[in-house]
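Q: Please take a close look at one residue and the enclosed space beside it, and then follow the answer into the rest of the fold. What should a newcomer notice?

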Amino acid sequence: MKELYTRDLLTKDLIAGITLFVMLVPQGMAYAMLAGLPPVMGLYASTLPLLIYALFASSRHLSVGPTAITSLLVFSGISAVGQPGTSEYVTLVILLALMVGLFQFLFGVFKLGFIVRFISPSVLGGYTSAAAIIIALSQLKHLLGIDLGNYFQVHLLFYDVLKRIGNLHLITLLIGVCSITVLVLMKKVSPRIPTALLLILVSIVMVSSLGLNKEGVKIVGMVPSGFPSLVFPTITIGGIKQIILPALTIALLGFMESLAIGKSIADKEKYKINPNRELKALGLANIFGSFFQILPINGSFSRSAVNHQSGGATQMVSVFTGILILITLLFFTSYFYYLPNAVLAAIIIAAVLKLIDLRQFINLIKIKPVDGWSWLVTFLSTLFIGIQWGILIGAIFSFYLLLSRMFKSNIIELGYLEKEKKFRDLKRFPDAITLDDVIFVRIDSSLHFANIFYLEEKVGDLIYSKPKVNMVIMDFSGVNDMDTTACNSLEEFKDQLHQQNNIELYFVGMKGLVRDTINRAGWNTKYKKEIGYVSIEKLLEEKNIIIPSTRKSETETPFIYMI
């Protein structure tokens, strides 16, 4: 039964909607500038898409709109084929929004939401931190008041800054540094204060009253008023070919970002969100929004968190926010004329600083080094190779590490712990008892065509290191599955050991699924004795194999293994 929309819910959603409106006006304009677009397009992207998403979403708290990383991806993808500030550039961005929406909607229709699981959290974390650094550095041109090239590699950005630092505009730098300082400090004092909006108002008054724009401070200038006019995206084969990769990247990464924050809040509020429904909602928001001159939109970490903290309870928050942005477009855009670009740059920098999470890398290296390396490779690739290549290189490296683990079965040589009467890993218990003529190994992974040869090689090395060996006992209690290739290879390996080295190979502790496979291969007839034991202990008991005691007393006899 659906919950009735009460006056209490209305009050909560209205308060949250006003709070988000206060955040979204400066952020929307700043992120549009980050994407190389007129600031008003950030406001356009904060109206209709919010209403469309609210109609179809399963998340009650996700706040959508322009985001920092999506805007950077827009800029990096479209600036490679079009010049920012031109009508051609704007046309390509609008087409990009349409393509992002189509990708997301189709992924949702065909229930492909699971594909984002193939990008590991460590890769996404490294990418996000590096992208945040690039976003911050990309705003140096507005912060320093100098013209810089459109670079997305940190070394090229720094080189360009050093080369042009002589053109530094001191008043612009002062405005930018003061703005960042105020934003950071006020965030610590009271996050509820709408510092960004107040900063915009103060800077507008200051620039207009002092005439700082005449002293070289760059301002936003004329911002068109009114609701965006209906414009159909210009669709051409050439345009689609040029931006299909950025569109796919934004569609997937934007959805991952949206799903992560949406699921996090949903878990706290004890409800479920539907990933495929979210894909369709985001897709429709971008598709319909593209007819009204928007840049691609996705879920925002910061605004969704504020929405939740402000008491927002339903997607009516997005409706109220969109309506308030629309009112701003209709009546108040003229007031943004004297808004300095340096203030918008400061808002972007302050917003992305919290996305830089180097502690995540330290934590990953400490707990699971392989995940830490994935984070680091992605981070460095994004910084020094490129924003779009970083995530691809990180994903490929992560898959390589995964495949390398698949190619190596987990083989553990065992020794006997006399006190506990258990067989344990020799590397972890180096004092465990071993025999010169028997090798004990445990296999802790499924066996298949890719890793069976590694198993044979590893066991062969153990046999070579013990010339007196006449028996190898493999504990299969950790093997959940085995394919035909592994079965055939083990059969050949067993026969080879017997014929060439006079070594017997026993398999103990086989699970039902593995036993079904070997029985179909005829092992229950050919190797009935060698596979009939449920554990190493049972095999030793029947073979009467003596485990020498480590006790020093002369009166004690060697320990004979007993159950």
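Ser 302 and its surroundings

A: Ser 302 is located in helix α13; helices are DSSP runs of H or I with at least four residues, strands are runs of E with at least two, and both are numbered from the N terminus. The model is predicted, so local features need pLDDT of at least 70 and side-chain atom pairs count only at pLDDT 80 or more, while totals for chains, interfaces and linings use all residues. Residues are numbered from 1 along each chain as its sequence is written, and side-chain values use heavy atoms, with hydrogens and water left out.

The relative accessible area of Ser 302 is 17%, which makes this residue buried (buried is under 20%, exposed over 50%, partly exposed in between, with a 1.4 Å probe and protein chains only). Leaving aside residues up to four places away in sequence, Ser 302 touches Met 23, Gln 27 and Lys 354 (a contact means heavy atoms within 4.5 Å).

Ser 302 also belongs to the wall of an enclosed space: with Tyr 31, Ala 68, Ser 300 and Leu 355, Ser 302 is among the five residues nearest the centre of the largest cavity, which is lined by 15 residues. A cavity is a set of points on a 1 Å grid, over the protein atoms alone, where a 1.4 Å probe fits but cannot get out, and lining residues have an atom within 4 Å of a point. The count comes to one cavity of 30 Å³ or more. The volume of the largest cavity is about 130 Å³ (the space filled by probe spheres set on the points, which are joined across faces, edges and corners). Two or more lining residues come from each of α1 (7-34), α4 (68-78), α13 (301-309) and α15 (341-352). Helix α13 gives the largest share of the lining, three residues. By type, the lining holds seven nonpolar, five polar and three charged residues (Ala, Val, Leu, Ile, Met, Phe, Trp, Tyr, Cys and Pro count as nonpolar, Asp, Glu, Lys and Arg as charged, and the others, Gly among them, as polar).

Another buried helix residue is Thr 172, at 5% relative accessibility. Thr 172 lies in helix α9 (residues 170-189). Beyond four places in sequence, Thr 172 touches His 142, Leu 143, Leu 144, Gly 145, Gly 216, Val 217 and Ala 342.

Further along the chain there is an open sheet of five strands, ordered β4-β3-β5-β6-β7, with mixed pairing (two strands pair if DSSP finds at least two bridges between them). Its edges are β4 (422-425) and β7 (504-508), each of which pairs on one side only. Neighbouring strands are turned against each other by 35° on average, direction ignored (axes are lines fitted to C-alpha atoms, for helices over the stretch in contact, and angles run from 0 to 180 degrees between N-to-C directions).

At the β7 edge, β6 (residues 471-475) runs parallel to β7 and is joined to it by five bridges. Val 472 stands opposite Leu 505, and Asp 475 has Val 508 as its bridge partner. Four of the five residues of β7 are buried, which leaves the strand mostly covered. Helix α20 (residues 484-501) lies across β6 and β7, at about 140° to β7. In the loop between α20 and β7 is Asn 502, which is exposed at 56% relative accessible area. Asn 502 has a positive phi of about 55° although it is not a glycine. Most residues other than glycine have a negative phi.

At the β4 edge, β3 and β4 run antiparallel and are joined by four bridges, with Gly 415 opposite Arg 424. The two strands form a hairpin with four residues between them, and Lys 421 in the turn has a positive phi of about 55°. Lys 421 is partly exposed, with a relative accessible area of 42%.

Asn 451 lies in the loop between β5 (438-443) and α19 (452-465), and counts as buried at 2% relative accessibility. Asn 451 and Met 406 are 45 residues apart in sequence, yet 6.6 Å apart in space, C-alpha to C-alpha. The contacts of Asn 451 include Phe 407, Lys 408 and Ser 445.

Methods: On a 1 Å grid over the protein atoms alone, a cavity is a set of points where a 1.4 Å probe fits but cannot get out, and a pocket is an open set with protein on both sides within 12 Å along at least five of seven lines; lining residues have an atom within 4 Å of a point.
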